[in-house]
Amino acid sequence: MPIDFKDNNNLRLITIDGRLDSAGSDAISTKFSAMSSGAKPAVVVDLSRVSFLSSIGIRLIIQNAKALQGKGGKMTLFIGGNEQVGTTLESTGISSLVPMFSDLVLAEQAALA
Amino acid sequence: MALFALKADRAEVRAASEWLERTAHQFDVPANKALVLDQCLDEILMNIVMHGGSSASQTPVELSLAINATGLNKEVAVTVSDSGIPFNCVEAPSKARASSLEEAEPGGLGLAIIKGLSSRLAYEFRGGRNFLTFAIQI
């Protein structure tokens with residue numbers, strides 16, 4: 001379950017690849033928390049290559065988004081053309097709490113706002 | 001109809017997902033619909049593993065997949081049967097949506113996913129077992 005990040009000034013782009021079910025979430029949990037811990041105030045999480053997003057994966061996103069917000073930062077989600085992930089996020093209402101974008105530039109702008 | 005059995009164990013949930021993918025393909029279920037089924041099945045199995053209690057692990061969790069066609073309507077239905085604590089997720093209230101990230105709690109979203117993605121949900125408790133059927137139109 002690959003997870004990696006790239007920094008650009010005040011923004012960190014975290015990319016997650018693969019299946020975010022319970023096993024996948026367990027595999028990245030510690031790294032995800034460390035990467036979104038506030039080293040950069042603006043974080044975009046790229047879910048465009050996530051093949052499967054379970055409620056446990058969403059739980060991870062919420063936990064880290066809340067922690068980042070508590071430190072004065074902001075997290076947004078980039079889903080690209082990933083309809084499955086978008087539908088799952090919308091069905092839980094999470095997309096209204098952690099903004100979700102199909103366009104990476106808009107996701108970055110929102111995180112930096 | 002296709003059948004599969006697994007232990008109520010976190011480590012076996014992916015095996016169930018792989019069975020579902022193979023079986024959906026055998027029954028010519030479109031890949032995007034199979035993904036929706038996978039989503040629902042994962043949530044239901046994790047609910048059993050995490051909240052089913054000790055009785056859930058006393059017997060295998062049993063899965064079945066069937067294609068139902070009536071008139072122009074066609075659906076793929078998956079039934080999950082377990083011996084865990086009786087839980088009727090059809091009547092269980094979905095968690096109220098948080099209005100802000102501050103008040104959002106990380107858990108309790110599985111039910112929203114199941115109800116949001118499936119076109120039909122049915123539950124009964126019979127012979128000491130939960131039977132939950134979820135279906136999507138194909």
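A residue counts as exposed if 12 or fewer other C-beta atoms lie within 10 Å of its own, and as buried if 20 or more do. The exercises below use this rule on a predicted model.

**Exercise 1. Classify B:Asp28: is it buried or exposed?**

Step 1. Locate the residue. B:Asp28 sits in the loop between helix H1 (13-26) and H2 of chain B.
Step 2. Take its neighbour count. B:Asp28 has 9 C-beta neighbours inside 10 Å.
Step 3. Apply the cut-off of 12 or fewer. B:Asp28 is therefore exposed.
Step 4. Look at the backbone. Most residues other than glycine have a negative phi. The phi of B:Asp28 is near 60 degrees, a positive value.

**Exercise 2. Do the same for A:Asn9: where is it found, and is it buried or exposed?**

Step 1. A:Asn9 lies in the loop between E1 and E2 of chain A.
Step 2. Within 10 Å there are 8 other C-beta atoms, so A:Asn9 is exposed.
Step 3. Its phi is near 55 degrees, again positive in a residue other than glycine.

**Exercise 3. Lay out the sheet of chain A: in what order do its strands run?**

Step 1. Read the order. In chain A, 5 strands form an open sheet, E1-E2-E3-E4-E5, with mixed pairing.
Step 2. Find the edges. They are strand E1 (3-8) and strand E5 (100-101) of chain A, each pairing on one side only.
Step 3. Start at E1(A). It pairs with E2(A) in the antiparallel sense, over 6 bridges. Here A:Ile3 has A:Ile16 in E2(A) as its bridge partner.
Step 4. Move to strand E2 (residues 11-20) of chain A. It pairs with strand E3 (residues 42-53) of chain A in the parallel sense, over 9 bridges. A:Thr15 stands opposite A:Asp46 in E3(A).
Step 5. Go on to strand E4 (residues 74-78) of chain A. E3(A) and E4(A) pair in the parallel sense over 5 bridges. A:Val45 has A:Leu77 in E4(A) as its bridge partner.

**Exercise 4. Trace the helical connections: which elements make right-handed β-α-β units?**

Step 1. Follow the chain from E2(A) through H1(A) to E3(A). These three make a right-handed β-α-β unit.
Step 2. Continue from E3(A) through H2(A) to E4(A). This is a right-handed β-α-β unit too.

**Exercise 5. Examine the contact between the chains: how many residues does each chain give?**

Step 1. Count both sides. Chain A gives 21 residues and chain B gives 22 residues.
Step 2. Name the helices. On the side of chain A that touches chain B, helix H1 (22-35), helix H2 (55-70) and helix H3 (83-92) of chain A each supply at least two residues.
Step 3. Pick the main contributor. H2(A) gives the most to this side of chain A, with 9 residues.
Step 4. Sort by class. The side of chain A that touches chain B has 8 nonpolar, 10 polar and 3 charged residues.

**Exercise 6. Explore the largest nonpolar core: which residues touch the most other members?**

Step 1. Note the total. The largest nonpolar core has 66 residues.
Step 2. List the best-connected members. A:Val45, A:Leu47, A:Leu77 and B:Leu37 touch the most other members.
Step 3. Ask which helix gives the most to this core. Helix H2 (residues 31-51) of chain B does, with 10 residues.
Step 4. Follow B:Leu37. Leaving aside neighbours within four places in sequence, B:Leu37 is in contact with B:Leu20, B:Ala24, B:Val76, B:Val78 and B:Ile136.

Conventions
Residues are numbered from 1 along each chain as its sequence is written. Chains are lettered from A and ligands numbered from 1 in the order in which they are written. This is a predicted model: local features need pLDDT of at least 70, side-chain atom pairs count only at pLDDT 80 or more; totals for chains, interfaces and linings use all residues. Two residues are in contact if their C-beta atoms, placed from the backbone, lie within 7 Å. Helices (H or I, at least four residues) and strands (E, at least two) are DSSP runs, numbered from the N terminus. Ala, Val, Leu, Ile, Met, Phe, Trp, Tyr, Cys and Pro count as nonpolar, Asp, Glu, Lys and Arg as charged, and the others, Gly among them, as polar. Two strands pair if DSSP finds at least two bridges between them. A crossover is right-handed if, with the strands pointing away from the viewer, the path from the first strand over the helix to the second runs clockwise. A nonpolar core is a set of buried Ala, Val, Leu, Ile, Met, Phe, Trp, Tyr and Cys residues joined through C-beta atoms within 7 Å.
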